Amino acid sequence: MAAAAESGARGWLGGGSPRPGSPTSSPELGAGSRSRSGPGSGPGSGPERSGARPPVPAAPSHSFRKVTLTKPTFCHLCSDFIWGLAGILCDVCNFMSHEKCLKHVKIPCTSVAPSLVRVPVAHCFGPRGLWKRRFCSVCRKGLEAPGLRCEVCELHVHPDCVPFACSDCRQCHQDGHRDHDAHLHHWREGILPSGARCELCRKTCGSSDVPAGVRCEWCGVQAHSVCSAALAPECTFGRLRTLVLPPACVRLLSRNFSKMHCFRIPESAAPEPGDGEDSADGSVSAGPGREVGAPESGKQTLKIFDGSDAMQRNHFRVVTVPRLARSQEVLEAALRAYYIPEDPQGFQLQAVPTPAQPGHTAAAGKVWSAGPSEEEGCRAAPEAWVLRALPRTQEILKIYPAWLKLGVAYVSIRVTPQSTARSVVLEVLPLLGCQAEGVEGFQLVEVHMGSRQVQRTVLADEEPVLDRLREIRQTSLRQMSQTRFYVAENSVLAPRISLFVGGLPPGLSPQEYRSLLDEAVASKGAVVLDVACFAEAERLYMLVRDTAVRGRPLTALVLPEVLHTKLAPDCRPLLVFVNPRSGGLKGRDLLCSFRKLLNPHQVFELSSGGPLPGLHVFSQVPCFRVLVCGGDGTVGWVLAALEDVRHRLACPEPAVAILPLGTGNDLGRVLRWGAGYSGEDLFSVLLSVDEADAVLVDRWTILLDAHEPAGGEDSEADAEPPKIVQMSNYCGIGIDAELSLDFHQAREEEPGKFTSRLHNKGVYVRVGLQKISHSRSLHRALRLQVEQQETSAVP
């Protein structure tokens, strides 16, 4: 056993590694085995030589085979058309390639992609939608039916492929686990337009027919998958580097909170993908090939479960095999359906008894294994099978270090029935160069890298590791392929979680706020902004979300901490506020787009807490800018909040840019931001914000005195208190003010009726004409006072 000598500095931990988990595997000596193919030149860097070598299936861990093409097909590596009738196809992930391109394939197969993730980060899937010219990152098929999209990165998947998507989302903050100082490129495949040019060879690298080419989701650099390895691994954030909030400057300890909570993304009410919503019987897919419908003549379909959990939930995959298929072929098809790259010799299929015959011992006892002597077909085989791993007396286990600056991806050790968590830590520490450290200061952590949430569990010192592996495989073989073990320091981490509580009545004294909070939630615990306990923070978060004060529900947000001392001198991050109800509900699409172009922690939705959460997060940033996406009322709302908390900001007067989404957009037009947003490229909008010149805008403060009582017992009670109002360009007290207020209240009650900017203008015109006809004597009730002297009546 030896320590890995290299780190996976380019996004993955290594190339085609040996089949993990095999009892006969030997310990790996590197961060991942090298591809067996020669270096060669990539697509676009020179002509290919004739007489290419035969396919090398072990190079990127694909299961390649030659297939006969029956329709026009393109190569997933070079995106060129495959001429002739023969192509090379991966049976697991559907990667299609020229035979000459095989030696250049670096994209890993879906079956091994989870084991190559550098830092596991879960995804945030939004509601289903139709995404044109997008491909599933798991099965590489086009999203012809409604699919799912991550709200933070450019991952697109079919709903039934979500359980098999690896947790490779963008790392947007430090959370105390595998935090890295250097920020590397985060490559995503298959999201390039057809005219994209490679950064290295300057040739076309995108395609609208197949998922070809890669792009960094931080800086936007585009390249061939082969050419990307020749680029510098460090990411500089590209042309938006002065606007982006670097992940190394954001800290959020989110152990008990999901990614949706951390990024303040409303959770979708749709059912969980992979929970059997696609069919009444619980089936989720027909395997990697996505074969559906009635089987062909001479074939049959089998329901395959991957463990006890799938059987309880009735979640299965459907595979289609010939009726006379051997047990080896059926077993390999079942492993491919669950993207399991291990040797079939270590697995078997056990028949599942039908519900009508729960005690049928003949069906329940039937087993298919990968033995070479078994030649019988599956003519009379049961329709449902469960995939099981054979008992193992020892295993090769990869252990990852959970700290920085080590230069090691993982080490491999052999675990036996006598191996415990403490003995594993004791054996791993010398391999990681920590001979002088005591075993008491470290612990073994089990990390389940699910596509929706990354869960960490600390193993007890005396827990048998081999039994734990057997328990995971018994529950779900897919879960085992997404489970990783870390050796972490047993240091007590002092948590600090900031909870923002919004929705309280404005203008009250601190004592009144304290009384409201005590009345609402004191019987169940105290509500504080800074919480020093993960479990207590989660409990308070859920409690505040379920609490209403004076009939209004409270707003609970998890806020990150910006490490302003780590910001570069020329970095002026952009704080983005988006009103999702402005501009015919275009704000919802802008939210997702800004989260992908910038750090999601600098994008705030105004319908959840208003501007105060974002201003609180940026309160210690010495210099930042603000972008308001909304109408004139939204801009005035943000400017008023800025004036209220200016004394608490390290940058008291940030420059404010406008993306006009409202109906009139008078302020945006005056400041040359246009009459209204009409779908322009947001990257160009951000560049305009970065290059814009700062100008001064007049802000007026108006004091509205209390109305003098006319007499009577209740006159003092009916009198309105003085009110201070800030204005930027105009202040309305008559028909226009009443019209704006009525429009705002109507849109708050029924936002679905105000989805078109043209319709909104029509509402203004119609209602405005009605109010003019009923308010012709308004000028007789107005008095104008200039320099404390009343002038004549307003004409």
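Let's start with what sits over helix 10 in this predicted model. The buried residues of helix 10 are covered by several elements, including strand 4 (148-149), strand 27 (574-578), strand 28 (603-605), strand 29 (625-630), strand 30 (656-660) and helix 14 (682-691). And which residues of helix 10, residues 587-597, are buried? They are G587, L590, L591, C592, F594, R595 and K596.

Keep F594 in mind, please. F594 is listed among the residues with the most contacts inside the largest nonpolar core, together with V157, I304, L387, V576, L627 and L659. That core has 104 residues. Helix 3, residues 327-337, gives the most to this core, with 6 residues. There is also a second, separate core of 30 residues, and L559, F604, V621 and L649 are included in it.

If you click on V576, you can look at its surroundings. Leaving aside residues up to four places away in sequence, V576 touches F594, L598, Q602, V603, F604, L627 and C629.

Now let's move to the sheets. One is an open sheet of 5 strands, in the order 17-16-20-18-19, and its pairing is mixed. Strand 17 (411-415) and strand 19 (454-458) are at the edges with a single partner strand each, so one side of each has no neighbour in the sheet. On average, neighbouring strands here are turned by 35 degrees against each other, direction ignored.

Is strand 17 mostly covered or mostly uncovered? Mostly covered: 4 of its 5 residues are buried. Strand 17 pairs with strand 16 in the antiparallel sense over 5 bridges, and in strand 17 it is S412 that stands opposite K398. K398 has another partner worth a look: its charged end sits over the ring of Y410, 4.8 Å from the ring centre.

Strand 16, residues 395-401, also pairs with strand 20, residues 483-489, this time in the parallel sense over 3 bridges. Here Y400 stands opposite Y486 of strand 20. Two helices belong in this picture as well. Helix 5 (residues 421-431) packs on the sheet and touches strand 16, strand 17, strand 18 (442-449) and strand 20, with its direction at about 145 degrees to that of strand 17. Helix 6 (residues 465-475) lies across strand 16, strand 17, strand 18 and strand 20, and runs at about 95 degrees to strand 16.

On to the aromatic rings. How many aromatic pairs turn up in a search of the whole structure? The search finds 11. W218 and F237 form an edge-to-face pair, 5.6 Å centre to centre with 90 degrees between the planes. The two are 19 residues apart, with W218 in the loop between strand 7 (214-216) and strand 8 (222-223), and F237 in the loop between strand 8 and strand 9 (250-251). W218 is buried at a relative accessible area of 4%, and F237 is buried at 11%.

Back to our tyrosines: Y400 and Y486 form a tilted pair, 5.6 Å centre to centre, with 40 degrees between the planes. Y400 lies in strand 16 and Y486 in strand 20, so the pair ties together parts that are 86 residues apart in sequence. Y400 is buried, with a relative accessible area of 4%, and Y486 counts as buried at 4% too.

Two last stops for you. R170 lies over the face of W218, 4.3 Å from the ring centre. And F74, F81 and W83 form one aromatic cluster. Thanks, everyone!

Note on methods:
Residues numbered from 1 in each chain as written. Predicted model: local features only at pLDDT ≥ 70, side-chain atom pairs only at ≥ 80, totals over all residues. Heavy atoms only, no water. Core = buried A, V, L, I, M, F, W, Y, C linked by side-chain atoms within 4.5 Å. Buried < 20%, exposed > 50% of the residue type's maximum accessible area, 1.4 Å probe, protein only. Contact = heavy atoms within 4.5 Å. Pairing = 2+ DSSP bridges. Axes fitted to C-alpha atoms, helices over the stretch in contact; angles between N-to-C directions. Phe/Tyr/Trp six-rings, centres within 6.5 Å; stacked < 30°, edge-to-face > 60°. Lys NZ or Arg CZ within 6 Å of the ring centre and 35° of its normal.
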